[in-house]
Amino acid sequence: MASTESTHLQLAALLGPDFTHFDALLSHLMSADNDRRSQAESLFNLAKQTHPDSLSLRLAHVLSASSSVEFRALSAVLLRKILTQTDDDDSFLFYNLTSETQNNIKASLIVCLSRECEKSVIKKVSDTVSELASVILADDKWPELLPFVFQCVSSENSSLREVGFWIFGQLAQFVGETLGNYFEMLHSVFLRSLGSGVDLSVRNAALGASVSLIQCLEKESERDRFRDLVPLMMGTLNDGLGLGEEANAQEALEMLIELAGMEPRFFRRQIVDVVGSMLKIAGAGSLEEGTRHLAVEFVITLAEARERAPGMMRKLPQFIRGLFEILMQMLLDIEDDSAWHSAVTEHEDAGETTNYSVGQECLDRLAMALGGNTIVPVASEVFPVYLAAPEWQKHHAALIALAQIAEGCSKIMTKNLEPVVSMVLNSFHDPHPRVRWAAVNAIGQLSTDLGPDLQTKYHHLVLPALGAAMDDFQNPRVQAHSASAVLNFSESCTPEILAPYLDGIVGKLLVLLQHGKQMVQEGALTALASIADISQEHFQKYYDAVMPYLKAILMNATDKANRMLRARSMECISLIGMAVGKDKFRDDAKQVMEVLMSLQGSQMETDDPTTSYMLQAWARLCKCLGQDFLPYMNVVMPPLLHSAQLKPDVTITSADSDAEIEESDDESIETITLGDKRIGIKTSVLEEKATACNMICCYVDELKEGFFPWIDQVAPTLVPLLKFYFHEDVRKAAVSAMPDLLRSAKLAVEKGQSQGRDESYVKQLLDYIIPALVEALHKEPETEICASILDSLNECAKICGLLLDENQVKLIVEEIKTVIAASSARKGARAERSKAEDFDEEERELLKEENEQEEDLFNEVGDLLGTLIKLFKVSFLPFFEDLSPHLNPMLGKDKTSEERRVAICIFDDIAEECREAAFKYYNHYLPFLLEACNDKSPDVRQAAVYGVGVCAEFGGSAFSNYVGEALSRLDVVIGHPNKLDSDNIMAYDNAVSALGKICRFQRDKLNAAQIVPSWLSCLPLRGDLIEAKLVHDQLCSMVERSDMELLGPNNQYVPKIVMVFAEVLCSGGDLASEQTYSRMITLLKQLNQTLPPDALASTWSSLQPQQQLTLQSILSS
């Protein structure tokens, strides 16, 4: 009670007539004494809750009347926080104040901006005004503000103009679109305020305001009205640098970078001058590194702005060369620090500077943005000069740069590998160890980016070179990196390429394991693991030599310094186990799992890599041991679920906050800025979560019904992760797990291993999963993952069949409409990009790659609808009709071949599964189908001719009127000069099959004596094995019933029939079912007895010798 009274007295004093109490509170809020500050904060928060009007007015009074700059600045910050941050009832406090208080505060803020002289205070008041206005302007609650801002920016008073531009810059995103009537006035204000005679601080503020306005204008015509500001913007930047005001210049650069990222075409008309100026800044050694890096960032940002300005920077080859040389110069900023040579880990980067790191990163981004056609010619001129120079730094720079540009230039480099590989391998003999390290690094990166071509063509040079580098015992860094490069090389290698080198490589890696430094041993373990993974059974012969060393490391490397070594040994053991198989690995597996179980039960530090490696090792052991792994699941699953359920470690601060997000010791904090918020995410947590989710997928997939006991815990863990937007791999794992969980449940029920649960449990799980997948599909931003979700839905439907109910089908179909519309919109946007004035061939290639993702998406749409049609047959027709407005446009000639193919396949499925009920669609779809029989795309042709066969088989009289055109269309496919090429053979086989169906089901509509022999002449089929089996079965049936048109007058076609049978029988069973195979033998025996001897002799003589032997063997058995 006394405490409450004391608090009331404090509040009364605080907000009473004696201002010294409030000043004391402000002083305590800034105190370094934690207790004093904490008490002051508690009192302030209580005042906010109980007397918001009085507190707000008192702060406004301090802001306008206090003589203390610190108090005025603090009151501005506190006003911003209490007026705009939400309280417990989630409404802005400003709206809880009385109208009188609101008006007083707004007036006080404007007066303060007009009179305040201290820049630091003005800036904070501007922030308060902007943040408050961003909330209340939309409700027309501050009509006086914009006139005041316009008055400021037009004022002769420099301080007021600067304030006006500050506020305008922050408010532009909220009011920009409503300022159409003021564009002319704003344009003239910006022209005047960015000019060379104006105070530089005003120019910088005007630059920020103009950039903000331009960014929020949606129409290019509106942005165009401000394009003539670009020279003045650049003048503001250059004048700031000329006066040595680099802090202001850096702010200006950051604003221009933001504009370049959002609206790169804004600079299009002045691009030569703008980029030229930026490169001068980037190359000016007298300027601060930060300034030069920002200038580089501007040019790189323009290069990366593909979607908004495709190809624009590729039109400036002279500048590309200039930028490339500046970045190469940055790579020279490296010292031969002794710490690099004596390092105990591979990650030690002693001697590398910020310049060096920026150069590295920007070379990679430049190559990715502009591609090999632009970058390789420049690199081809620069690299030889650097490699011929006497300085080791230049050799090092050329090799590092090559590794950085390889991914972006891979298509061009792959076509011209020889000079690239020679350049790197020659540097393996450089006298400087850092250059040799860079050469090894380059070969590792090239192996990843240019594989498998590099591996196929140059294994005989690369692997011996890496083997020799592993012998460099004077330089453990080179040894360790050589082992890592073996991993890179082997990942894109075939077992056959690797096999001849295994003796040498495994031998060297074993030596490194026994005698090397820890980082060398870690590299050797990683390389061994990769080689075993690729070699599979080829690794059997090394198992007995290698495994004892690995187990020794696992059991003995127990101190903190050896954590990564032990973790790598787990990885290596588990991959070798998978490679050699359960029988060879079984005995060692038990020992290994004993160690893992003891580790699992121990307390590990949060940054211990063992956790992640152990999760993966357990999953590999499960893959290796299969159902034998089930007893260990109780040990494995609890920590795995814990990792999968980790919450993302996210820190959110204001983007302009003075408080930086605390950097983590493990450098795993990734920071992104979204609007006015800075978000820090701890990536190590996300990686552990993603690993755990992927491992769960492995267990469900491998153990099938054995995983059933864990479904009730795993499903509620993974289903929400379908919308985990912090990490793609988490979403991908969750998506792929959904059908596996259903399969596990269904198999467990069917096999009586479901702990008393019946089919209703599967239905319950399905009801949980399907809506979640559909909702995830609706919200998924990545096209590739959308395709995966569709595939997952398809698998779920196949597994659960008719457990899928009508409402779920409706849900799926509705979302498919959205998927088709969204894809169409994306392709439309790409088509618009292709009309840009700078669009070029390189950009066309990149657009093609993006559109290929859409093709995968449509393929999944077709497969999913096909499954639903096969499941529900006639019941699906209402959904088909609902979809038709979305499917019909896909048949258009302006659509991609994949869209046309999918639309045709959907109709094929409808015709095949719905039989008579589908007749009503024939007149609409068959004309498209028949025309598509001669489409330039073989995939479209295949789908179309297959559909013709389906309609011939099931269409009866509904197809009769189309027989004539169908025959002529099929004739074109069958008569194609390159019909048996790999691209065309599937369409050809399906056309022959369709012709056979017309012969069988529509014979009264054709000249059978002509068409049937034509069909026979096309046999046997060898491409589409499904159609081949059906067609060869049909041939048997026709021979069995002595089809007159097939046998021909006087049995003249019998020799051809025997030849077809002979080829099919000699094919090894691929071209016919076992039943058809037996029928052919029986028919051949009958023909052998009934044919005249001369006809028989003629038939036998036309066969190949091997066919004659095979047939004689078959007939004599």
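**Exercise 1. Find which residues of helix H3 are buried, and describe how they are arranged around the helix.**

Solution. In this predicted model, the buried residues of H3 are Ala 40, Leu 43, Phe 44, Ala 47 and Lys 48. Viewed down the axis of H3, these buried residues fall within an arc of 145°, so they line one face of the helix. A general property of helices helps here: an α-helix has 3.6 residues a turn, so residues three or four places apart point the same way. On the other side of H3 lie the exposed residues Asn 34, Asp 35, Gln 39 and Gln 49. As a last step, consider the length: H3 runs over residues 34–50, and its 17 residues reach 24 Å from the first C-alpha to the last, close to the 24 Å expected at 1.5 Å a residue.

**Exercise 2. Compare the span of helix H26 with its expected value, and decide how far the helix is enclosed.**

Solution. Helix H26 covers residues 476–491, and at 1.5 Å a residue its 16 residues should span 22 Å. Its end C-alpha atoms are 23 Å apart, which agrees with that expectation. Turning to burial, 14 of the 16 residues of H26 are buried, so this helix is largely enclosed by the rest of the structure.

**Exercise 3. Decide whether Met 413 is buried or exposed, and list what surrounds it.**

Solution. Begin with the location, which is helix H22, made of residues 410–415. Met 413 has a relative accessibility of 6%, and because buried means under 20%, Met 413 counts as buried. Leaving aside neighbours within four places in sequence, Met 413 is in contact with Val 376, Leu 402, Ile 405, Ala 406 and Leu 450. The C-alpha atoms of Met 413 and Gly 372 are separated by 7.4 Å, although the two residues are 41 apart along the chain.

**Exercise 4. Describe the largest cavity by its volume and its lining.**

Solution. The count comes to two cavities of 30 Å³ or more, and the largest cavity has a volume of about 70 Å³. Its lining includes Val 1058, Asn 1088, Thr 1099 and Trp 1100. The elements that give two or more residues to this lining are helix H53 (1074–1090), helix H54 (1093–1101) and helix H55 (1105–1116). By class, the lining has eight nonpolar, two polar and no charged residues.

**Exercise 5. Place these details within the whole chain by stating its elements and its extent.**

Solution. The chain has 55 helices and three strands, and its C-alpha trace spans about 125 × 75 × 70 Å along the principal axes. Buried residues make up 55% of its 1117 residues.

Definitions and conventions:
Residues are numbered from 1 along each chain as its sequence is written. This is a predicted model: local features need pLDDT of at least 70, side-chain atom pairs count only at pLDDT 80 or more; totals for chains, interfaces and linings use all residues. Side-chain values use heavy atoms; hydrogens and water are left out. Helices (H or I, at least four residues) and strands (E, at least two) are DSSP runs, numbered from the N terminus. Buried means under 20% relative accessible area, exposed over 50%, partly exposed in between (1.4 Å probe, protein chains only). Contact means heavy atoms within 4.5 Å. On a 1 Å grid over the protein atoms alone, a cavity is a set of points where a 1.4 Å probe fits but cannot get out, and a pocket is an open set with protein on both sides within 12 Å along at least five of seven lines; lining residues have an atom within 4 Å of a point. Grid points are joined across faces, edges and corners, and a volume is the space filled by probe spheres set on the points. Ala, Val, Leu, Ile, Met, Phe, Trp, Tyr, Cys and Pro count as nonpolar, Asp, Glu, Lys and Arg as charged, and the others, Gly among them, as polar. The expected span of a helix is 1.5 Å times one less than its number of residues. The arc is that of the directions from the helix axis to the C-beta atoms.
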